Amino acid sequence: MDPELPVVRLCVAGMQAEAEGRVDAARALFQQAWDSAADDYEACVAAHYLARHQNSPEETLRWNQECLDRADRVGDERVAGFYASLYLNMAHAWRQLGRSALARTYFERAAERVGQAPDGQYGDWNRFAIAAGLRETAGARDGSAADEAGAEGAPRSLDETVDGRVRALVSRWCARGDLMALGLALPAYLGYLGTDADRVRLRSALHMVHAARRLPADEQTELGAVVGSAALR
């Protein structure tokens, strides 16, 4: 986003107010950004932040939908990197309203667009949040929700047995503070969205931990079995 745009400057000031705990001031700044938006792009930016300061799940959904609608109207490269986050916010809003199946379809749409999010911490945060949403709504997707949201296809979840075994290993690494193992494995595990590339990335990360041969013997054996499992090949 262009930091010189008045709307962006107002939203940056609102984010600073948020960080300082000045919630009312933040909301006022975001409302000012919305009121001063000159086009759909600026309105999209302002609506994104206004959605965070609503008093009900219904109003949060309404502003997230407004944000998404404005992005669709812009329809060019300026908003291409927004969509993973926009769909993610829609998914969270529907979950707050108890519509897990519909939320699932938006998590799936977010997964389809996460590759367009900017590299770095922002992209990583989106990937991790989408992966968590997919895990938490596994089995919730149904045909009516898919029709309503227009989702196509479903990401493949990590095999439940493998997932449980990886979680158990990660828990042990956390308990003893094995930062090397965690640093190698967690990004690939937390960001697993079910693509072939994700599977290769996870297997490679776990293989690197195994190849370092720094784990206790029982963990080394268990990790070797996980790396060699059919679900990761």
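Helices here are DSSP runs of at least four residues, numbered from the N terminus. With that in hand, here's a quick look around this predicted model, taking in one helix pair, some aromatic rings and a couple of charges parked over rings. Let's start with helix H6, which spans residues 83-96: tyrosine 83 and tyrosine 87 are four residues apart in it, so about one helical turn separates them.

**Tyrosines 83 and 87**
- These two rings make a tilted aromatic pair, with 5.7 Å centre to centre and 45° between the planes.
- Both tyrosine 83 and tyrosine 87 are buried.
- Tyr106 joins Tyr83 and Tyr87 in one aromatic cluster.

**The tryptophan pair**
- The count of aromatic pairs comes to five.
- Take tryptophan 34 and tryptophan 63: their ring centres are 4.9 Å apart and their planes meet at 90°, so this pair is edge-to-face.
- The pair ties together distant parts of the chain, 29 residues apart, with tryptophan 34 in helix H2 (residues 23-36) and tryptophan 63 in helix H4 (residues 57-74).
- Tryptophan 63 has 8% relative accessibility, so it counts as buried.

**Charges over rings**
- Arginine 113 has its charged end over the ring of tyrosine 83, 4.4 Å from the centre.
- Over the face of tyrosine 189 you'll find arginine 135, at 5.6 Å from the ring centre.

**Helices H7 and H8**
- H7 (residues 100-113) packs with H8 (residues 121-136) at an angle of about 145°, and the axes are 9 Å apart.
- Their crossing is left-handed.
- H7 brings Arg104, Phe107, Glu108, Ala110 and Ala111 to the contact, while H8 brings Ala129, Ile130, Gly133 and Leu134.
- Of these contact residues, six are nonpolar, one is polar and two are charged.

Key: Residues are numbered from 1 along each chain as its sequence is written. This is a predicted model: local features need pLDDT of at least 70, side-chain atom pairs count only at pLDDT 80 or more; totals for chains, interfaces and linings use all residues. Side-chain values use heavy atoms; hydrogens and water are left out. Axes are lines fitted to C-alpha atoms, for helices over the stretch in contact, and angles run from 0 to 180 degrees between N-to-C directions. Helices (H or I, at least four residues) and strands (E, at least two) are DSSP runs, numbered from the N terminus. A crossing is left-handed if the near helix is turned anticlockwise from the far one by less than a right angle, and right-handed if clockwise. Contact means heavy atoms within 4.5 Å. Ala, Val, Leu, Ile, Met, Phe, Trp, Tyr, Cys and Pro count as nonpolar, Asp, Glu, Lys and Arg as charged, and the others, Gly among them, as polar. Rings of Phe, Tyr and Trp (its six-membered ring) pair if their centres lie within 6.5 Å; planes under 30 degrees apart count as stacked, over 60 as edge-to-face and the rest as tilted. Buried means under 20% relative accessible area, exposed over 50%, partly exposed in between (1.4 Å probe, protein chains only). A charge sits over a ring if NZ of Lys or CZ of Arg is within 6 Å of the ring centre and within 35 degrees of the ring normal.
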